[in-house]
Amino acid sequence: MSTKPYDTLVIGAGAAGLAAARKLHDSGQRILILEARDRIGGRIWTDDKFTDFPIELGAEFIHGENAATIDLVHAAGLTTIPVDRYGKLRWAPVSLPAVPLAELPAELRATITGLFMHYRALPQHDPLPDISLAQYLRGKGWDEEALKIADVLLAQTCCATLEDLSCADLIREMRADHAGKEEFRIREGYGALLKWYSRDLPIQLNTLVRDIHWGEGSVTVITANETLRARRCIITVPVSILARGTIRFIPDLPEDKHDAIHAFRTEPATKLIYRFREPFWDAETTFICHNGLATRWWTPGYGRDGAAVIGCFVTADKARILDEQDENRALTWGLTELNWLLDARDTDLRKASIGARRVSWAFDAYARGGYAHLPPGKASARPILARPEGGVLFFAGEATAHDSNPQTVHGALESGWRAAAECGA
Ligand SMILES: Cc1cc2nc3c(=O)[nH]c(=O)nc-3n(C[C@H](O)[C@H](O)[C@H](O)COP(=O)(O)OP(=O)(O)OC[C@H]3O[C@@H](n4cnc5c(N)ncnc54)[C@H](O)[C@@H]3O)c2cc1C
């Protein structure tokens with residue numbers, strides 16, 4: 001056992017853990033980051049080999065012109081590519097190619113714009129019982145066909161189904177939102193940002209934390225290989241991992257913390273990514289959606305000349321179906337839908353594709369899904385998850401971002417900074 005205790009141990013080297021560690025290290029604390037994987041980043045994972053520009057296998061966009069991530073990108077000397085996803089949204093009516101909203105039949109266009117309008121009006125409802133988004137939209141008169149569209153455009157983004165998404169938690173997030181609405185990709189990739197941000201931080205990879213003994217004024221953290229002591233620790237592992245009991249707390253966490261951990265749900269999140277010799281979509285394509293299985297498509301190379309990669313991001317029950325198939329079958333299914341979405345029926349996309357991969361976050365041992373949401377009736381769980389315990393346990397990570405946007409990188413970063421401040425940084 002190390003004789004000199006650390007000031008703070010940080011568990012997890014994702015966005016939240018690195019953010020916490022950065023602040024603590026820069027404030028002069030003696031810290032160590034313990035990370036189970038053989039890489040940093042967690043649910044940020046950039047593939048620099050798939051093609052000649054970075055491909056994001058996890059987080060891809062910066063959501064908001066004021067998101068904390070933007071300042072880091074600038075400080076790192078990196079650059080952003082603006083992506084107007086929703087402004088350029090194309091929708092495909094069943095079995096027809098995708099077209100801009102303006103070219104859709106009037107009734108379908110009115111449904112899509114009306115659903116967005118009711119969604120954005122959520123924060124004006126006060127007080128609103130903690131019902132599901134599906135229940136709220138039904139109350140506004142939308143039928144089950146419209147709800148299928150809302151599932152693709154609203155719930156899929158939140159890695160949830162409409163029936164399982166808490167309106168009260170969405171309202172909390174909309175009111176707390178300070179990031180803005182514009183969206184960006186990082187030209188050099190999220191990986192480049194984290195490489196810069198984590199420079200000179202003490203990080204121990206391949207270190208799975210198993211037990212945390214906590215008591216008055218100190219913690220003892222047990223990994224597969226060693227026992228470490230510190231005055232406190234910051235836990236940033238996904239709430240899905242906490243719920244699985246991968247880390248044992250001795251003594252147990254308080255009952256309301258335990259209940260809060262188990263209130264969250266983390267659904268599957270799956271990307272299908274394809275590379276072609278040249279793009280067969282027009283350069284203005286940013287976001288294509290439809291009501292199939294591979295529902296949401298975008299172009300990771302948008303804003304780069306000639307980039308020929310297209311990807312699909314699906315969550316919750318649809319991702320579960322894609323995950324149940326073997327990789328080839330899932331990838332072929334995606335291409336079948338892409339064929340009609342892009343009206344490319346004359347092209348054999350399977351032959352045209354020169355590289356493809358599926359990334360299923362549900363199979364990832366240290367994430368067990370995409371990002372966490374709260375079901376109706378559980379909106380109070382988020383601040384309880386974030387609450388420190390006993391002056392020695394501190395909690396960060398996207399799910400704890402009760403004063404920002406959970407489910408995002410900037411929410412995770414801010415949660416890490418909050419926890420570092422709680423630890424005296
Ligand atoms: C497919 C996908 C797409 C996304 N798209 C976007 C997007 O476009 N924009 C956006 O802003 N956000 C996006 N997100 C969400 C974003 O990635 C997360 O909100 C954010 O990265 C979470 O950071 P975190 O530090 O909270 O958690 P994580 O990144 O999960 O970090 C936690 C770390 O803890 C480690 N760990 C787990 N268990 C242990 C243990 N027992 N011992 C030691 N270490 C452990 C993990 O390995 C991991 O590195 C996406 C996520 C996914 C999965």
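**Ligand, helix H7 and core in a predicted model**

Me: What makes the pairing of a backbone N or O atom of Val409 with an oxygen atom of the ligand a polar contact?

Reply: In this predicted model, the two atoms lie 2.8 Å apart. A polar contact needs N or O atoms within 3.5 Å, so the pair qualifies. A backbone N or O atom of Ala16, 2.9 Å from a ligand oxygen, and one of Glu60, at 3.0 Å, meet the cut-off of 3.5 Å too. Of the 1000 Å² that the ligand exposes when taken alone, the protein buries 99%.

Me: Which residues are closest to the ligand, and how many surround it?

Reply: The ligand is surrounded by 38 residues, and the closest are Glu35, Arg43, Phe61, Glu398 and Val409. By type, the shell has 21 nonpolar, 12 polar and five charged residues. Helix H1 (15-26), strand E5 (61-63) and helix H14 (409-422) each give at least two residues to the shell.

Me: How do you know that the buried residues of H7 are on the same side?

Reply: The buried residues of helix H7 (residues 190-197) are Tyr190, Leu193, Leu194 and Tyr197. They span an arc of only 95° around the axis, and therefore lie on the same side of H7. An α-helix has 3.6 residues a turn, so residues three or four places apart point the same way.

Me: Why are Trp91, Ile112, Leu133 and Leu137 called part of a nonpolar core?

Reply: Such a core is a set of buried nonpolar residues joined through side-chain atoms within 4.5 Å. The largest one has 52 residues, and these four have the most contacts inside it. Helix H5 (144-155) is one of the elements that supply at least two residues of this core; H5 gives the most, eight residues.

Terms used
Residues numbered from 1 in each chain as written. Predicted model: local features only at pLDDT ≥ 70, side-chain atom pairs only at ≥ 80, totals over all residues. Heavy atoms only, no water. Near = heavy atom within 4 Å. Polar contact = N/O pair within 3.5 Å; in protein donor to acceptor, adjacent residues only side chain to side chain. Areas by Shrake-Rupley, 256 points an atom, 1.4 Å probe, with all protein chains shown as cover. Helix = DSSP H or I, 4+ residues; strand = E, 2+ residues; numbered from the N terminus. Nonpolar A, V, L, I, M, F, W, Y, C, P; charged D, E, K, R; others polar. Buried < 20%, exposed > 50% of the residue type's maximum accessible area, 1.4 Å probe, protein only. Arc of directions from axis to C-beta.
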